[in-house]
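Please read the following report with the model open beside it, and look up each residue as it is named.

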Amino acid sequence: MAAPIRRIGVLTSGGDAPGLNAVIRAVVRSAEVDLGWAVFGIEHGFEGLIGRPRIRPLDSSAVSGLLPQGGTILGSTNKGHFSAMRVDGEWVRDPAPYKELAANTKRLGIDALVVIGGEGSQGIAAELARYGVRAVGVPKTIDNDLWGCDQTFGFDTALTVATEALDRLHTTAASHDRVMVLEVMGRDAGWIALHSGLGGGADVILIPEIPFTIEAVASAVTTREFRGSNFSIVVCAEGAVERGGGQLYQEATGTLGGVGAYVAGQVGKVTGKDARVVVLGHLQRGGQPTPFDRILATRFGAAAVRVLAEGQYGVVVVSRGLEIGTIPMQECAGKVRTVPLDYEMIRTARGIGIGFGDEEDEALLTPEPLA
């Protein structure tokens, strides 16, 4: 029989997302008020349990006022010592940091962990089970691409920022007859681009799931011009790819990005129009979470504590429709929820005339001006 829980640790891992502090607050208050457990915040993700542990006690007074606050009071790192390595074509993990973390967890009297992170972080947490560490995951990604979860906190905030940017770009594009390209986050999934493009009135949406051609994007721009609209708005996910090509990376930093500048440059050459690019980047991660994200994050944090109290470990709390449920960590670790090609929102966008850069037949046609 598993030992009873009296002390738990909570950590944030991977990129920051609006709502992280709301999760921490909910975990602390649920554990303390409802169950009488002590909670310790682990600083800088899993790295906070390597070497000299960096932990601090958290109680209700320590998390007061966190609900609207962006970022994470615990700090966050990416995989660090826990990164998987490719050896002879297979991904392997060095067991040493896992063993050290497990030993430190036991020495500190931490009975279980609440791990707030994306698919990579949940993969690390799942691996920790092999070393006797009990953990429950809370999904975190503004890209909304965690497998098995309908919506993650942070996505609504990122969507709000991107949609407001599109609203602002409309006025300057219309004033100068320009093509404005907005590059948003989305490495392997185009949820932010799709939702903001539909909500912000984009004319073309480019997502990783649908390879595009410059000819099709340029055709959409010239079609609008023939019909009397001398400006166009293009929103593209950072992971969007041209047909036959691959994702673009910044030469100086090696980080993903640059497709927006490429699209603007090429479309400008083909159409002869002034084309500009705006890259939102980390603006989508920062600032206060929206009310929706605050509520969802609070529900996730409280659910994680309930799940631990019920004796469930090795699971991630997820949103399914209007309810919060759980799935095994292994089920979502290393997996990405991409936009289905037959997704209703894609059909809706196409139905109202939004292009996705794959309209080959249309690209070959010369649009006729409206009478």
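A charge is said to sit over a ring if NZ of Lys or CZ of Arg is within 6 Å of the ring centre and within 35 degrees of the ring normal. In this structure, which is a predicted model, Arg224 lies over the face of Phe231, at 5.1 Å from the ring centre. A further case is found at Trp191, where the charged end of Arg337 sits over the ring at 4.2 Å from its centre.

| Charged residue | Ring | Distance to ring centre |
|---|---|---|
| Arg224 | Phe231 | 5.1 Å |
| Arg337 | Trp191 | 4.2 Å |

Rings may also pair with one another, and a search of the whole structure finds three aromatic pairs. One of them is formed by Tyr98 and Tyr131, whose ring centres are 5.8 Å apart and whose planes make an angle of 20°, so that the pair counts as stacked, since planes under 30 degrees apart are given that name. This pair links distant parts of the chain, for Tyr98 belongs to helix α2 (residues 95-107), whereas Tyr131 lies in the loop between α3 (119-128) and β7, 33 residues apart. Is each partner buried, or partly exposed? Because buried means under 20% relative accessible area, Tyr98 with its 1% is buried, while Tyr131, at 23%, counts as partly exposed.

We turn now to the sheets. Seven strands form an open sheet with mixed pairing, and their order is β3-β2-β1-β6-β7-β12-β13. Why do β3 and β13 each have one side without a neighbour in the sheet? The reason is that β3 (55-58) and β13 (323-328) stand at the edges, where each has a single partner strand. On average, neighbouring strands of this sheet are turned by 30° against each other, when direction is ignored.

At one edge of this sheet, strand β2 (residues 38-42) pairs with β3 in the antiparallel sense over four bridges, and Gly41 stands opposite Arg56 in β3. At the other edge, β12 and β13 also run antiparallel and are joined by six bridges, with Val315 having Pro328 in β13 as its bridge partner. The hairpin made by β12 and β13 has two residues between the strands, and in this hairpin Gly321 takes a positive phi near 65°.

Helices lie against the seven-stranded sheet as well. Helix α1 (residues 20-35) lies across β1 (7-12), β2, β3, β6 (112-117) and β7 (135-139), and its direction is at about 175° to that of β1. Helix α8 (residues 291-309), in turn, packs on the sheet by touching β1, β6, β7, β12 (315-320) and β13, and its direction makes about 140° with that of β12.

In the loop between β1 and α1 we find Ala17, which is buried, with a relative accessible area of 0%. Leaving aside residues up to four places away in sequence, Ala17 touches Gly71, Lys140, Ile142, Phe153 and Arg285. Ala17 and Gly286 are 269 residues apart in sequence, yet their C-alpha atoms are 7.1 Å apart in space.

There is also an open sheet of four strands, in the order β9-β10-β8-β11, in which the pairing is parallel. Its edge strands are β9 (204-206) and β11 (275-279), each of which pairs on one side only, and neighbouring strands of this sheet are turned by 20° against each other on average, direction ignored. Strand β8 (residues 179-184) pairs with β11 in the parallel sense over five bridges, and Met180 stands opposite Arg276 in β11.

Definitions and conventions
Residues numbered from 1 in each chain as written. Predicted model: local features only at pLDDT ≥ 70, side-chain atom pairs only at ≥ 80, totals over all residues. Heavy atoms only, no water. Pairing = 2+ DSSP bridges. Axes fitted to C-alpha atoms, helices over the stretch in contact; angles between N-to-C directions. Contact = heavy atoms within 4.5 Å. Phe/Tyr/Trp six-rings, centres within 6.5 Å; stacked < 30°, edge-to-face > 60°. Buried < 20%, exposed > 50% of the residue type's maximum accessible area, 1.4 Å probe, protein only.
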